Amino acid sequence: MPTGFPDFRLGNVLATSFTGTLSERHGEAVERIPTPRRLIDWLAVNGLAVDSCTTAQLELARELRESIHAAATAAALQEPLPASAVQVINDRSVQGRAAAILTPDGKRRWRLSSASCVEDALSVIAADAISIIAGERDGKLALCASPTCRAAFFDTSQSRTRKWCDMNTCGNRQKKARFHASRRKNLSSAE
């Protein structure tokens with residue numbers, strides 16, 4: 001992958017991983033799909049390889065990403081879903097041509113149309129978002145406890161009490177901050 005771009009934050013849930021292509025939404029935002037080529041890379045890493053991507057298709061993807069984020073955030077907070085976000089998710093879901101196929105090892109994989117295009121991949125992401133927001137999958141939507149992140153993520157932990165969208169980034173950052181604050185407090189009280 002091209003250098004100079006931030007790494008992808010990959011998760012186990014397609015829709016919320018997609019919303020993670022814009023991170024630190026309440027801090028210094030990090031755009032992980034700044035170019036059409038970078039969207040192609042992200043889709044390929046997630047099993048949705050497409051041949052090409054235009055700037056207009058990148059904008060459709062970003063619109064879907066923000067709509068999923070808005071709807072997932074509302075669902076996590078148990079608030080009404082934004083009508084405009086629901087409309088975008090539904091529109092993207094029906095505009096693609098993709099089929100679920102079963103692999104020999106018993107996994108589901110998506111097959112895009114023969115002329116695979118970004119719209120086909122976006123329909124798969126939208127369908128995944130619909131399944132988690134509608135509560136059809138075992139887990140719950142939650143928001144990252146990091147005040148600069150607040151990403152929506154799908155918690156499939158047994159207790160459903162996960163706090164961080166990603167322990168290796170947000171969780172680790174918060175643990176380090178608590179450690180350093182405790183250390184400073186101990187140093188100042190020892191003086």
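**Cores and a buried glutamine in a predicted model**

Buried residues (under 20% relative accessible area, with a 1.4 Å probe and protein chains only) make up 41% of the 191 residues in the chain. This is a predicted model, where local features need pLDDT of at least 70, side-chain atom pairs count only at pLDDT 80 or more, and totals for chains, interfaces and linings use all residues. Residues are numbered from 1 along each chain as its sequence is written, and side-chain values use heavy atoms, leaving out hydrogens and water.

Turning to the inside, the largest nonpolar core (buried Ala, Val, Leu, Ile, Met, Phe, Trp, Tyr and Cys residues joined through side-chain atoms within 4.5 Å) holds 36 residues, and F18, L39, L64 and I125 touch the most other members. Helices here are DSSP runs of H or I with at least four residues, strands are E runs of at least two, and both are numbered from the N terminus. Elements that each supply at least two residues of this core include α1 (14-19), α4 (83-95) and β5 (140-143), while α5 gives the largest share, nine residues. Another core, of eight residues, lies apart from it, with A142, C144, C149 and C170 among them.

Then there is Q57, which sits in helix α3 (residues 55-76). Q57 is buried, at a relative accessible area of 12%. Its side chain and that of E119 are joined by a polar contact of 2.9 Å; such a contact is a pair of N or O atoms within 3.5 Å, and within protein one must be able to donate a hydrogen and the other to accept it, with residues adjacent in sequence counting only if both atoms are side-chain atoms.

Key. Buried means under 20% relative accessible area, exposed over 50%, partly exposed in between (1.4 Å probe, protein chains only).
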